[in-house]
Amino acid sequence: MFELSKIIRPNIWKLKPYSCARDEFKGEASVYLDANENPYNNPFNRYPDPLQLKVKEQIKKIKGISKRNIFLGNGSDEAIDLVYRIFCEPKEDNVIAIAPTYGMYGVCADINNVQYKSIELDENFQFSADTLLEKVNEKTRVIWLCSPNNPTGNALNGSEIEKLLKSFNGIVVVDEAYIDFSSQPSWTKRLKEFPNLIVLQTLSKAWASAGIRLGMAFASENIIALFNKVKYPYNVNILTQKQALNILTNKSEVDLWIKTILEERGKLINELQKLPIVEKIYPTDANFILVKVQNANKTYNHLVSKGIIVRNRNTVILCDNCLRITVGTPEENKTLLKELKNC
């Protein structure tokens, strides 16, 4: 039986969070003399809303999720780091992840001095819940899953994820950075079923806002309360909050971008299959394609010489001679294909 209190670091459980001026006052006022701010250069002289309530209200409208179940951070990387800081005791606890996957899970483990154990995916880039559970011990606090996965592009098997959620008495994080490009349903729809589930999403991909660095975490009220307890007081700046509101109220255009990217993804796959240097194209549920070529280093260097940058994944486990190619505009994709024909 999952009990949140048993997997929280004792110092975090006892932590009395910093209380900033804007935590103590809610609403609007005519005179602000509480936070030692400069009275000039409005609105940038004021500290931002520490809980980003207006942004969360817009996310609530789009995703149907209560504001109490939403955490906003400086990119998804902040939420990833907070998971370690809240649940993992340095030098004692461990986490489990699939391989290959997003590299920041491992980097954050190293930063927080937490053992990181990875389980290699099968030939179809899928995992077995039983295999992961075999690696669990009394010090395992978190299991990391990225679905659709990066760099493989595929959505993970939902029944295996569900088995993990039901069997593991720790935190299961499902990173859905690319979910808007997938036909699979989001795990945010099942938060009420699983008190040990954290779902990560972002404005960086489908919402075309990587530059503002806004990540989202969705979880139970108790977990979100812990995130807010540990995060830095004003973790999302006023400019990011303003631009987030702008893009979140423009969903119709974002939906058109997604539709166009998916159409271009299909066209790009069809054209890549015709190239002699391409040996395999892996199934994708994301806005990128993992492509196995005859010589990844040679192909990558040729593209770089022409000012075209893709990601060389040749040194990543299970990705020998693979390039990860993001779907661009029609013009960018044509330029890429033209140069690949010359390789």
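Helices α4 and α5 cross with a right-handed sense. This holds for a predicted model. Two packed helices are described by the angle between their axes and the distance between the axes. Here α4 spans residues 75-87 and α5 spans residues 104-111. The angle is about 45°, and the axes lie 10 Å apart. That angle makes α4 oblique to α5, because the oblique class takes in angles that are not under 35 degrees, not over 145 and not from 65 to 115.

The contact draws on residues of both helices. Helix α4 supplies D77, I80, D81 and Y84. Helix α5 supplies M104, Y105, C108 and A109. By class, six of the contact residues are nonpolar and two are charged. No polar residue takes part in the contact of α4 with α5.

C108 of this contact also enters the analysis of the cysteines. A disulfide is a covalent bond between the sulfur atoms of two cysteines. The whole structure was searched for such bonds, and zero disulfides were found. Two cysteines illustrate this result. For C88, the closest cysteine sulfur belongs to C108, at 11 Å. That distance is too far for a bond, because a disulfide requires sulfur atoms within 2.5 Å. C88 is buried, with a relative accessibility of 2%. C319 is likewise in no disulfide. Its nearest cysteine sulfur is that of C322, 5.0 Å away. This separation also fails the cut-off, because the pair would have to lie within 2.5 Å. C319 has a relative accessibility of 0% and therefore counts as buried.

Two further buried residues were examined, one in a helix and one in a loop. Q58 belongs to helix α3, which covers residues 53-63. The relative accessible area of Q58 is 15%. Q58 is therefore buried, because the limit for that class is under 20%. With residues up to four places away in sequence left out, Q58 touches L245, L248 and T249.

N287 sits in the loop between strands β8 and β9. Strand β8 comprises residues 278-281, and β9 comprises residues 288-293. N287 counts as buried, at 11% relative accessibility. Its contacts, again without residues up to four places away in sequence, are Y178, F181, I261, T326 and V327.

Notes: Residues are numbered from 1 along each chain as its sequence is written. This is a predicted model: local features need pLDDT of at least 70, side-chain atom pairs count only at pLDDT 80 or more; totals for chains, interfaces and linings use all residues. Side-chain values use heavy atoms; hydrogens and water are left out. Axes are lines fitted to C-alpha atoms, for helices over the stretch in contact, and angles run from 0 to 180 degrees between N-to-C directions. Helices (H or I, at least four residues) and strands (E, at least two) are DSSP runs, numbered from the N terminus. A crossing is left-handed if the near helix is turned anticlockwise from the far one by less than a right angle, and right-handed if clockwise. Contact means heavy atoms within 4.5 Å. Ala, Val, Leu, Ile, Met, Phe, Trp, Tyr, Cys and Pro count as nonpolar, Asp, Glu, Lys and Arg as charged, and the others, Gly among them, as polar. Buried means under 20% relative accessible area, exposed over 50%, partly exposed in between (1.4 Å probe, protein chains only).
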